[in-house]
Amino acid sequence: MAEYKRKVLIIGSGPAGYTAGIYIARAGLKPILVSGAQVGGQLTITTDVENFPGFPQPIAGGLLMENMRQQALAVGVEIVDDTIIEADFSKRPFICNSENHNLYSAEAVILCTGASARWLGIPSEKKFLGFGVSACATCDGFFYRGKDVAVVGGGNTAVEEAIYLTNFARSVTLIHRRDQLRADKAMQEKLFKNHKISIEWDSIIEEVLGNEKPLGVTGLKIKNVKDDSSKILNIDGLFVAIGHKPNTDLFKGQIALDNDGYIATKGKSCATSIPGIFAAGDVQDPNYRQAIVAAGTGCIAALEAERFLMDK
Ligand code: NDP
């Protein structure tokens, strides 16, 4: 057990966390960053990243995050691979306890705990994750040029992703468990007008089918819940778009959250309901969920934390 007393504590090691760390360290404020269980965050479960500026060739998500970690270390961020399991923001300094029985106290905290994609929870989905199964069309759609793909879900994300994927894919099948979409009417109209998109209503995915060598998706076994019939869809990629869950359980009851459980930040800033606590990245962003946006808000949170400490 160790006790870390620092000016700034950063929780989370995705693009938001590392960027916040880099800015805080370069301001001479010696931050400590606690990585969380998924070191590097969600990008570590994608394959190639082509939309993060600065890399003329695709870069593996895991490598991009390792580069960010090395950059953070190089400018003086102290990184501890540990997971915060308890936070007390009711008094100052703010106190956090960890899985490894460490105690962290800080005058300012930047929350970058991210969000987790919701998954169907079937074993074959996990098996092909990163090899034909993805939770981000913006990240991976480009790799399906001229191919057949499916999207599962009926909300705005699923509809938006299905439409976006028609820029690349030959055909897109939207699979939804009911006979009505949850997405906005305007989005639905766009979807219905798109000739590349077909819809499997009242359907659930029973299994993702694929090859072992090389590992890759070749189809889906879907079941119609109304008549219990099953069929095989031949597709090359499945995009799971059934929602995200912000990683905010730790902060419930202490800090203001929005209706969907994301940390509420004020206007264009990263300030939360508690002065001295800032939030950056997907944990406060239900809309964009992009690495570059997370990095940008990590920078904003760091600059605001610096100002907060200066004004104290
Ligand atoms: P939502 O929660 O709105 O939708 C999730 C969808 O997934 C629902 O249709 C739901 O079905 C389905 N679903 C949930 N669990 C399962 C499961 N286990 N198996 C199969 N299907 C499942 O999430 P979104 O990510 O679509 O949107 C999140 C928020 O972000 C919303 O507020 C949305 O409006 C907003 N958003 C806005 C955009 C925009 O304005 N451009 C773009 C993207 C998102 P069911 O309907 O039956 O519950």
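**Reasoning from values to names**

User: Where does arginine 118 lie?

Analyst: In this predicted model, arginine 118 lies in the loop between β9 (115-117) and α3 (123-127).

User: Why is arginine 118 called partly exposed?

Analyst: A residue is buried under 20% relative accessible area and exposed over 50%, with partly exposed in between. The relative accessible area of arginine 118 is 41%, so the term is partly exposed.

User: Which residues does arginine 118 touch, leaving out residues up to four places away in sequence?

Analyst: The contacts of arginine 118 are Val240, Ile242, Gly243, His244 and Lys245. A separate value concerns glycine 253, which is 135 residues from arginine 118 along the chain; their C-alpha atoms are separated by 23 Å.

User: What makes lysine 245 and aspartate 249 a salt bridge?

Analyst: The nitrogen and the carboxyl oxygen must lie within 4 Å. For the side chains of lysine 245 and aspartate 249 the N to O distance is 3.3 Å, so the pair counts as a salt bridge.

User: Are lysine 245 and aspartate 249 buried, partly exposed or exposed?

Analyst: Lysine 245 has 33% relative accessibility and aspartate 249 has 48%. The limits are 20% and 50%, so lysine 245 is partly exposed, and so is aspartate 249.

User: How many salt bridges does the structure hold?

Analyst: The structure holds 12 salt bridges. One of them is formed by the side chains of lysine 231 and glutamate 200, at 2.9 Å from N to O. This pair links distant parts of the chain, since lysine 231 is in strand β16 (residues 230-234) and glutamate 200 in strand β13 (residues 197-200), 31 residues apart.

User: Why do lysine 231 and glutamate 200 get their labels for accessibility?

Analyst: Lysine 231 stands at 40% relative accessibility and therefore counts as partly exposed. Glutamate 200 has a relative accessible area of 17%. Buried means under 20%, so glutamate 200 is buried.

User: How do you know that lysine 226 and aspartate 202 form a salt bridge?

Analyst: Their side chains meet at 3.6 Å, N to O, and the limit is 4 Å. The pair also links distant parts of the chain: lysine 226 is in the loop between β15 (216-224) and β16, and aspartate 202 is in the loop between β13 and β14 (203-211), 24 residues apart.

User: Which of the words buried and exposed fits lysine 226, and which fits aspartate 202?

Analyst: Lysine 226 has a relative accessible area of 59%. Exposed means over 50%, so lysine 226 is exposed. Aspartate 202 has 11%, which is under 20%, so aspartate 202 is buried.

User: Why does glutamate 161 have no salt bridge?

Analyst: The nearest side chain of opposite charge, arginine 289, is 5.7 Å away from glutamate 161. A salt bridge has to be within 4 Å, so this pair does not count. Glutamate 161 is nevertheless buried.

User: Where is glutamate 161, and what does it touch?

Analyst: Glutamate 161 is in helix α5 (residues 156-165). Not counting residues up to four places away in sequence, glutamate 161 touches Ala135, Cys136, Ala137, Phe239 and Ala241. The buried residues of α5 are Ala158, Val159, Glu161, Ala162, Ile163 and Leu165. The elements they pack against are α4 (137-140), β11 (148-152), β12 (171-175), α6 (185-193), β13 and β17 (237-240).

User: How many residues surround the ligand, and which are the closest?

Analyst: 15 residues surround the ligand, and the closest are Asn156, Thr157, Glu160, Arg178 and Arg182.

User: What makes the approach of glutamate 160 to the ligand a polar contact?

Analyst: A polar side-chain atom of glutamate 160 lies 2.8 Å from a nitrogen atom of the ligand. The limit is 3.5 Å, so this is a polar contact. A polar side-chain atom of arginine 178 lies 2.7 Å from an oxygen atom of the ligand, and for arginine 182 the distance to a ligand oxygen atom is 2.6 Å. Taken alone the ligand exposes 920 Å², of which the protein buries 70%.

User: Why is serine 13 called buried?

Analyst: Serine 13 has a relative accessible area of 3%, and buried means under 20%, so the label holds. Serine 13 is in the loop between β1 (3-11) and α1 (15-26). The side chain of serine 13 reaches the backbone oxygen of serine 35 at 2.9 Å and the backbone nitrogen of glycine 40 at 2.9 Å.

Methods:
Residues are numbered from 1 along each chain as its sequence is written. This is a predicted model: local features need pLDDT of at least 70, side-chain atom pairs count only at pLDDT 80 or more; totals for chains, interfaces and linings use all residues. Side-chain values use heavy atoms; hydrogens and water are left out. Helices (H or I, at least four residues) and strands (E, at least two) are DSSP runs, numbered from the N terminus. Buried means under 20% relative accessible area, exposed over 50%, partly exposed in between (1.4 Å probe, protein chains only). Lys and Arg count as positive and Asp and Glu as negative; His and the chain ends are not counted. Contact means heavy atoms within 4.5 Å. A residue is near a molecule or strand if one of its heavy atoms lies within 4 Å of it. A polar contact is a pair of N or O atoms within 3.5 Å; within protein, one must be able to donate a hydrogen and the other to accept it, and residues adjacent in sequence count only if both atoms are side-chain atoms. Accessible areas come from the Shrake-Rupley method with a 1.4 Å probe; for residues, only the protein chains shown count as cover.
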